[in-house]
Amino acid sequence: MFHRVLPKAEIIDNDAYFLRGTLISQERLENIIVKYLKEDYVFKTICNLEKKTDLKQVALTFDDGYVDNYLYAKPILEKYDVKATFYPVIGYCLEQTIAPLDFYYQYVNENISSESKEEWIVGKHKKEFLNLPMNKQRAFVKTLFYREPKTKVSYMTTNQLQELQVLGHEIGGHSYYHDIYTRLTKNKIIEDIQRTKKALLQIGIDIKSYAYTDGQYNLEVVQALEDVKIRFSCAIKSKRISDNENLELERKFITENEFNIKELFGISLSVLELNIFLEKIDVLKKELSLSFLNDFILKVLSNIPFQNYKMVERGFGHIPTGKNIKEDMLSLNGGTCATMNIFVGAVLYKIGFNVSLIHGTMMNENDHIAILLNFEDGFYIIDLGDGQPYFEPILTTENILRKHPFRTYRTINKTKELRIDFLIKGKWLTDVTFSLIPKTYNQVYKTLEQHYTLKEFGPFWKGVRFAIYPNKKIIGIRNKTFILQKNDLIEKIEMKDKAHLKELVNQYLPEFKESIVQCFTKQELL
């Protein structure tokens, strides 16, 4: 199931349609088609679906009849000789008018802040709006605007619908004005279906299939479709309430990204949360490039500390949930690798990068979690959950040498592994060895669990760890040592007592003062 389609360059990811999931990129549509072709699927229109259980078949459907379907979906379908099914709201196509919901989204885009948009797009406000009869939706929209609203959204013309049919695509029904049929009496439902059928028949289109508006239907709606000889109808989720399974066809709601994000990273992340996070760390533009990644990594490390005070605050044995991880990162509190790299992995995945979690070994086997990036035929490691970070994606197929004032490191490539060594007092010592085998969240969960339930699994229950890197310069704490970089010089200050600690954090880390002091108190270090 698709709705609107635009070139990726024209999509603003704070747009209400995009946030709702009813706007995808032309490139995403093409990727979906290529995926199914590679897997030897046969493309069908809804009325041509076969009951053969051994046939790999897929039907693409486009709801509502937006003109961008004609402008941007049709060329991709033609490129691969794929036929699809279109479900226009015929009233808006005939009259070339705009649905109240489109004006509603226009208002949301122009007036509602990022923090509140979710409630307007998928929450209470949206549900209340859709529950209104169509005349009351129109009246409500008028109260939102001081003057006649303008929107770039428009619907296909009848000529464009006719052309799609001539090209072999199927045209079905999707109501006359997008009324929600479960809110109507059976007589009103039949009346609207007949009006829809008649309008389409007048332009030479005899419909045999339908799509439920807003995916909503009940037994009465199904029976109404049967009464007017509709053979197939598409839902979103099938309720299995009738004997006619063709009138409850289940569809997969296709959005810009595949949504197995929770399986990969253990957290769900909405587009709204993504945008709020990027805004907080001052990343203004998203693009799939290494230059973007370099800037993104620097902004994360400049604003969010690697630290253990949240672990100590929650207490030994408290394993952070996905909600805790999101809270810590969205509040710019940060954490260890189990917080920072898991969340950053989810963010990069949501942006569109091909990333997964991997294991690393420092002191104990698989005691570290990092990110593996597959990009432009190369594999890179991204690791922001280390007290001494790298500031860039590290290419795994080359041996490199890098110098920073606080660390010099090299990489040693091995089969399915990458080792990173530090130069310490003239000797190379291994810091971490990364496995280059992608892992799911469940596969790295034991590492996360051990950090919070085994006191010997790392240094976090025996001391204080804190490091933040504004403009690549370290401000850090390692137990009683305060680490400060001035230009290219590293100064290490031994803290004498709690008053000395407070003086230093007051001066250099005021926003983290309370948490750091509490951590020292709980760890009984000063």
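Colleague: Which kind of contact brings the side chains of Glu163 and Lys74 together?

Modeller: The side chains of Glu163 and Lys74 meet in a salt bridge, with N and O 3.5 Å apart. This pair links distant parts of the chain, since Glu163 belongs to helix 9 (residues 158–166) and Lys74 to helix 3 (residues 67–79), 89 residues apart. Please keep in mind that the model is predicted.

Colleague: What relative accessible area does Lys74 have, and is the residue buried or exposed?

Modeller: The class follows from a cut-off: buried means under 20% relative accessible area. Lys74 is therefore buried, as its relative accessible area is 9%. Its partner Glu163 has 30% relative accessibility and so counts as partly exposed.

Colleague: With which residue does Glu273 form a salt bridge?

Modeller: The partner of Glu273 is Lys326, and the closest N and O atoms are 3.0 Å apart. Here too the pair links distant parts of the chain: Glu273 sits in helix 13 (residues 271–280) and Lys326 in helix 16 (residues 322–330), 53 residues apart. Lys326 counts as buried because its relative accessibility is 14%.

Colleague: Which residues are joined into one network by salt bridges that share partners?

Modeller: Lys74, Glu78 and Glu163 are joined in this way. Over the whole structure, the search finds 23 salt bridges. Another of them connects Lys35 with Glu39, at 3.7 Å between the closest N and O atoms. Lys35 counts as partly exposed, at 34% relative accessibility, and Glu39 falls into the partly exposed class at 33%.

Colleague: Let us turn to strands. In what order do the three strands of the open sheet lie?

Modeller: In reading a sheet, one asks for the order of the strands and the sense of their pairing. The order here is 5-6-7, and the pairing is parallel. Strand 5 (61–64) and strand 7 (170–171) are the edge strands, each pairing on one side only. Strand 6 (residues 85–88) pairs with strand 7 over two bridges in the parallel sense. Within that pairing, Phe86 has Ile171 of strand 7 as its bridge partner.

Colleague: What is the sign of phi at Asp64?

Modeller: Backbone angles are read residue by residue. Phi of Asp64 is positive, near 90°, in a residue other than glycine. Asp64 lies in strand 5 and is buried, with a relative accessible area of 10%. Asn479, which is not a glycine, also has a positive phi, of about 60°. Asn479 is placed in the loop between strand 20 and strand 21, and its relative accessible area of 26% makes it partly exposed.

Colleague: How far apart in space are Asn341 and Asp386?

Modeller: Separation in sequence and separation in space must be read side by side. The C-alpha atoms of Asn341 and Asp386 are 9.2 Å apart, while the two residues are 45 residues apart in sequence. Asn341 is part of helix 17 (residues 337–351) and is buried, with a relative accessible area of 0%. Beyond its neighbours within four places in sequence, Asn341 is in contact with nine residues' worth of surroundings that include Leu357, His368, Ile382 and Gly385.

Colleague: Where is Ser356 found?

Modeller: Ser356 is found in strand 11 (residues 354–361) and counts as buried, at 11% relative accessibility. Apart from neighbours within four places in sequence, the contacts of Ser356 are Phe265, Ala370, Ile371, Leu372, Pro438 and Lys439. Ala370 and Ile371 are also among the contacts of Asn341.

Colleague: Finally, how many residues line the largest pocket, and which lie nearest its centre?

Modeller: A pocket is read by its volume and its lining. The largest pocket has a volume of about 1000 Å³. It is lined by 36 residues, and Asp386, Gly387, Gln388, Phe422 and Arg478 lie nearest its centre. Elements that give two or more residues to this lining include strand 16 (407–414), strand 17 (417–424), strand 18 (427–435) and strand 20 (475–478). By residue class, the lining of the largest pocket divides into 19 nonpolar, ten polar and seven charged.

Methods
Residues numbered from 1 in each chain as written. Predicted model: local features only at pLDDT ≥ 70, side-chain atom pairs only at ≥ 80, totals over all residues. Heavy atoms only, no water. 1 Å grid on protein atoms, 1.4 Å probe; cavity = no way out; pocket = protein on both sides within 12 Å on 5 of 7 lines; lining within 4 Å. Points joined across faces, edges and corners; volume = space filled by probe spheres on them. Helix = DSSP H or I, 4+ residues; strand = E, 2+ residues; numbered from the N terminus. Nonpolar A, V, L, I, M, F, W, Y, C, P; charged D, E, K, R; others polar. Salt bridge = Lys/Arg side-chain N within 4 Å of Asp/Glu carboxyl O. Buried < 20%, exposed > 50% of the residue type's maximum accessible area, 1.4 Å probe, protein only. Pairing = 2+ DSSP bridges. Contact = heavy atoms within 4.5 Å.
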